Number of protein chains: 2
Amino acid sequence: MQAQSTVEKAVDILFHLHAEPHSCGVTAIGRRLGLSKSSTHRLLTALSRRGLVEKDDRGRYRPGIGLVALGVGALDREPVVAAARPVLEAEAEALGETVFLVAARAGRLIVLDKSEGEGFLRAAPRVGSTVPIHATAVGKLYLAFGDGSVEAPAGDLARFSDETITGRTALEAAVARAAERGFAENSDEWIPGLSVVAAPVIATASAGRMLAAFAIAAPTPRMRSLGHEEMGRRMMAAAARVAARLEGVAQ
Amino acid sequence: MQAQSTVEKAVDILFHLHAEPHSCGVTAIGRRLGLSKSSTHRLLTALSRRGLVEKDDRGRYRPGIGLVALGVGALDREPVVAAARPVLEAEAEALGETVFLVAARAGRLIVLDKSEGEGFLRAAPRVGSTVPIHATAVGKLYLAFGDGSVEAPAGDLARFSDETITGRTALEAAVARAAERGFAENSDEWIPGLSVVAAPVIATASAGRMLAAFAIAAPTPRMRSLGHEEMGRRMMAAAARVAARLEGVAQ
DNA sequence: GATAGCGTTCCTATAATAGGAACATAGCTA
DNA sequence: TAGCTATGTTCCTATTATAGGAACGCTATC
């Protein structure tokens, strides 16, 4: 991690505090990010003056309330989120399972929005969280339809479960299959017991660029009874509705 | 606005983008914040590399998805939020109106959490948003019970409605009344048609410091039929439950 | 087709930053 | 209790990223 600019170092501190479950001390943060203790302290002080980090009683730092304020409403600026929201709600209602929207941002796959199903056992992704690339339906879609801004990680493909695809050729085959069918699936490859079927949102107005992925997540047995092919068609239809709404808005 | 550090300038850009309803250009941002065009551009580029801002098709900038990621979960770090959540939900359920939790952060009053009621006409504060001090029940509580970190704005008190208290002596009288009764109220003083009754969350373990305010918001006629005194007692009881949960957790 | 405004890039004097060292304090150990 | 270790904070100066003017290419407008 080579952070040239001061701003990037400060942002790195924010993400580090975000990732840690508990408050962190100056020394620990500096050591983790390769910054000196005094630099870390000054950056934290600056962030603290703007409320992006807070100091607890013991002088340790945690994410501040300012981050919540900045985060709220940022999603509404995403045209694709605005276009997808009613479609998400309608699909979740109709299927009774969680549907969600994922897009590539800065080379990673981020959950943009979701509408949860009603089952006692249901997927509950966190909006704003990151999902892996090589072990998810959405990741395969981006490898198949994306513009190359999303790539499978270099080196060994991490194994999350017994079903995780860890071979390059097997992954290429899965990606080719997704390109051919127009949708992708994932059964237990990331989280045992969880299956996902996803389809790409492609807007012709944006030169056929893939803007996001529309996906349904359900417990694996439930997904099997819903039917992978059937859900694939359904997600493609939903993604097309999102794309149509986007172009309607754009006109 | 005197921002010495680079980090603070970058954060100011984030807040500016957050406040603007639409995407902003480099020139406009720089002009607004007193930065040169090239500096603004470099700060935006740094923020963009970390996903805190995004560039749309026309080269304009808007808040990025990274802010959502950082914002999500930041609230869960607040012990008072964790302690208050079940109480919020129970009160909202019992009363059918919106109840919410507000605390002082960096001299401002921030909505930490809420549980919405069920009415067609109901209060829907945004988590993370700021509320004024001199025109709200929570503000009066902080003036009465706070440690001085929250103060009424200098100069003229802004008038939000016909009922807004704009005189210093009248405000002092309202604060004294809140100190005496142990709760505060606000009828139409901020938003016409909206009434709020609030009570302070005071933890004896924290040397009697006021940690937050527990409040109910309802349309003014509805609040009248619920009874201000009755709701005052109810909010004090709820705030006491939150305080008790906090001390139980702290042990 | 001319023009005004925009985002972007280049360059160098400048000013903020980095990091070592010293300090005060808290927590732990013996 | 006394000593020790590790932490958060402050001070200081060489270094280095930064600020901002100027120039560039581009787009939209008239």
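This passage walks through a predicted model, starting with the layout of chain A, moving on to its partner chain B, and ending with the two DNA strands.

Chain A comes in two parts. The domain assignment splits it into domain 1, covering residues 6-70, and domain 2, covering residues 75-250. Taken over C-alpha atoms, the centres of these two domains of chain A sit 33 Å apart.

Next comes the pairing of the protein chains. Here, 47 residues of chain A are in contact with 46 residues of chain B. Put together, the two chains bury about 4100 Å², and carbon and sulfur atoms make up 64% of that area. On the chain A side, Arg50(A), Leu70(A) and Arg77(A) supply 19% of the area buried against chain B, more than any other three residues. Charged pairs turn up as well: the count between chain A and chain B is 9 salt bridges. One salt bridge joins the side chains of Arg105(A) and Glu54(B), with 3.3 Å from N to O. For polar contacts across this interface, 9 residue pairs are found, with both residues at pLDDT 80 or more.

Which elements of chain A give two or more residues to the side that touches chain B? They are α1 (6-19), α3, β2 (61-63), α4 (65-71) and β4 (108-115). The biggest giver is α1(A), with 10 residues. Sorted by class, the residues on this side of chain A come to 26 nonpolar, 9 polar and 12 charged.

Now for the DNA, beginning with strand C. This strand is surrounded by 17 residues, and the closest of them come from both protein chains: Ser38(A) and Arg42(A) on one hand, Gly25(B), Thr27(B) and Lys55(B) on the other. Much of what the protein meets is backbone: sugar or phosphate accounts for 62% of the strand C atoms within 4 Å of the protein, and bases for the rest. Several phosphate contacts involve chain B. The side chain of Thr27(B) has an N or O atom 2.6 Å from a phosphate oxygen of DNA strand C, and for the side chain of Lys55(B) the corresponding distance is 2.8 Å. Val26(B) uses its backbone instead, with a polar atom 2.8 Å from a phosphate oxygen of the strand. As for elements, α3 of chain A, along with α2 (26-33) and α3 of chain B, each supply at least two residues of the surface near DNA strand C. That surface has 2 nonpolar, 10 polar and 5 charged residues.

Strand D has 18 residues around it, and those that come nearest are Gly25(A), Thr27(A), Lys55(A), Ser38(B) and Arg42(B). For this strand, sugar and phosphate make up 62% of the atoms that come within 4 Å of the protein. Bases and phosphate both take part in polar contacts. A polar side-chain atom of Ser38(B) lies 2.3 Å from a base nitrogen of DNA strand D, while an N or O atom in the side chain of Lys37(A) is 3.4 Å from a base nitrogen of the strand. Lys9(B), by contrast, points a polar side-chain atom to within 3.0 Å of a phosphate oxygen of DNA strand D. The elements giving two or more residues to the surface near DNA strand D are α2 (26-33) and α3 (37-49) of chain A and α3 (37-49) of chain B. By class, this surface has 2 nonpolar, 11 polar and 5 charged residues.

Notes:
Residues are numbered from 1 along each chain as its sequence is written. Chains are lettered from A and ligands numbered from 1 in the order in which they are written. This is a predicted model: local features need pLDDT of at least 70, side-chain atom pairs count only at pLDDT 80 or more; totals for chains, interfaces and linings use all residues. Side-chain values use heavy atoms; hydrogens and water are left out. A residue is near a molecule or strand if one of its heavy atoms lies within 4 Å of it. A polar contact is a pair of N or O atoms within 3.5 Å; within protein, one must be able to donate a hydrogen and the other to accept it, and residues adjacent in sequence count only if both atoms are side-chain atoms. Helices (H or I, at least four residues) and strands (E, at least two) are DSSP runs, numbered from the N terminus. Ala, Val, Leu, Ile, Met, Phe, Trp, Tyr, Cys and Pro count as nonpolar, Asp, Glu, Lys and Arg as charged, and the others, Gly among them, as polar. Domain bounds come from an automatic or database domain assignment. Contact means heavy atoms within 4.5 Å. Buried area is the accessible area (1.4 Å probe) that two parts lose on being put together, summed over both. A salt bridge is a side-chain nitrogen of Lys or Arg within 4 Å of a carboxyl oxygen of Asp or Glu.
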